[in-house]
Amino acid sequence: PAGGVSLRLCIMPVALEGMNKPVIDRIIQVDHVGEYGANRIYVGQVAVLGRSSVGPVIQQIWNQEKDHLKKFSELMVAYRVRPTLLLPFWNIAGFVLGAGSALLGKKGAMACTVAVEESISDHYNSQIQTLMEEDPEKYKELLQIIKQFWDDERQHHDIGLEHDAEAAPAYRVLKTAIQLGYKAAIFLSE
Amino acid sequence: SAVRCQLSPPQRALQASAVLRRVSDEQKKEPLTSSSEHQFDSHPTDHQPEQEPQGPHSSYTGQGGQQSEDYESEEQLQHRILTAALEFVPEHGWTAEAIAEGAKTLGLSVAAAGMFHSDGSELILHFVSQCNTKLSELLEQEQKLVQLGEAEKKPTDQFLRDAVEARLRMLIPYIEKWPQALSILLLPHNIPSSLNLLTSMIDDIWHYAGDQSTDFNWYTRRAVLTGIYNTTELVMMQDSSPDFEDTWRFLENRVADAMSMGNTANQVQSTGEAVVQGLMGAAVTVSN
């Protein structure tokens, strides 16, 4: 169908020569996993808190994450990176985390959001540094995307704080646990 | 030999090439014209300071014409020898003899075969790598034609069939000795390389077939196609029909099976999704 053809033409193969392929592969693979997991977390949260007062807020954050995931899926195809093998596992784990934190209440969900968004933005930050050290010109497109997403994630983090994340039960414990889990996920997926 | 130990690896490679060329000089008619070549010939044991920049050189003259760059890296030399050796595989198999014959056609000494393993591993891997490259180029060309509107885009099953057939047809000139090659490729010390070559070839085919999956499908599709490729290859070894038509029919059936399996998988997934939605609804009800 015509739609399929035009989609293919939009995702033109990126010129892969001269790129530090292993670095790019890792970055895109890990970011894809991160966004995929974040997506599943918000699915879980919306499933429980969708009709509550924070429902629209979570929905809005989720929509942005959906865009992020879509973008990384496109990059994955353009740069010919393989997706991580553990995706089905993160599918379930993300959902359980989202739904679980939401069952702790609205503040619990916000605490989860703060924890995850902080981890993701730290990660993007270090990736930006890596790419800048390598060659800012060569990776301009990728840098732009990651910078934009870093900005988005910081916003999500702030929204979480605004909605009383810190008042959540066992906020510190919850936050540390989630961030450790995130680091483990990144480690396993690399 | 004592001198050799003092040289660094790149210089040893230069020495190796120089030695081979010197020995073959006796057979060669044209004299070497380049001055740098001459230096090696007359002072083989001197520890020469670097005359030329190290690293791979793109222009190899071969016939002693230009004098600027007739030094090539050891890797490039090995590639040329192995390519030349392929011509002798139908007669000698994937062996050191074939490599020696190949070296001879390039005007090198038969001692060149000593650069390689005696079981012919490098020759086979080189051949597989060459075939994969040819396949990629072929698929790239086809893609260009479709993008320019000069050809119709093939449906997936036909694309896969044609790609696998094109790749397997490259084995035909060597088909009698191919079972031997397959068993060598399965030797433990070759498995990393041969697996690598296989997976990148399959990935290439799916890429040009337009696969854009970024989930577990990525793995399923490649695993399925690898299975199809390997089984078809084995069938081809036993096939004695004219132009291997039995093999292509086998291939067609396997691809069709895979396609219908994909449809079944989709149905299973839809059912699964429906079940999950039901469960979620129950969870929300409970929590509210």
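1. At what angle do the axes of helix H5 and helix H6 of chain A cross? The model is a predicted one, and in it the two axes cross at roughly 155 degrees. They come within 8 Å of each other. H5(A) spans residues 106–134 and H6(A) spans residues 140–162.

2. Angles over 145 degrees count as roughly antiparallel. H5(A) and H6(A) are therefore roughly antiparallel to each other. The handedness of their crossing is left-handed. Sorted by class, the residues in the contact of H5(A) with H6(A) are 13 nonpolar, 7 polar and 5 charged.

3. The next point is the largest pocket. Its space amounts to about 1500 Å³, and 40 residues line it. Those lying nearest the centre of the pocket are Asp215(B), Phe216(B), Asn217(B), Asn266(B) and Gln269(B).

4. Both chains contribute helices to the lining of this pocket. From chain A, helix H2 (21–49), helix H3 (55–78) and helix H4 (87–103) each supply at least two residues. From chain B, helix H8 (156–169), helix H10 (191–209), helix H11 (217–238) and helix H12 (245–287) each do likewise. H12(B) gives the largest share of the lining, with 13 residues.

5. What is the make-up of the pocket lining by class? It has 21 nonpolar, 12 polar and 7 charged residues.

6. Chain B carries a UniProt annotation, "domain: COQ9 C-terminal", from an unreviewed entry, and it covers residues 191–262. In the model, this span of chain B is 82% helix and 0% strand. The C-alpha atoms at its two ends are 29 Å apart.

7. A second annotation on chain B, again from an unreviewed UniProt entry, reads "domain: Ubiquinone biosynthesis protein COQ9 HTH" and covers residues 74–104. For residues 74–104 of chain B the model gives 84% helix and 0% strand, with the end C-alpha atoms 17 Å apart.

Methods:
Residues numbered from 1 in each chain as written. Chains lettered and ligands numbered in written order. Predicted model: local features only at pLDDT ≥ 70, side-chain atom pairs only at ≥ 80, totals over all residues. Heavy atoms only, no water. 1 Å grid on protein atoms, 1.4 Å probe; cavity = no way out; pocket = protein on both sides within 12 Å on 5 of 7 lines; lining within 4 Å. Points joined across faces, edges and corners; volume = space filled by probe spheres on them. Helix = DSSP H or I, 4+ residues; strand = E, 2+ residues; numbered from the N terminus. Nonpolar A, V, L, I, M, F, W, Y, C, P; charged D, E, K, R; others polar. Axes fitted to C-alpha atoms, helices over the stretch in contact; angles between N-to-C directions. Parallel < 35°, antiparallel > 145°, perpendicular 65-115°, else oblique. Left-handed = near helix turned anticlockwise from the far one by under 90°. UniProt positions renumbered as here; feature names shortened; annotations may be inferred.
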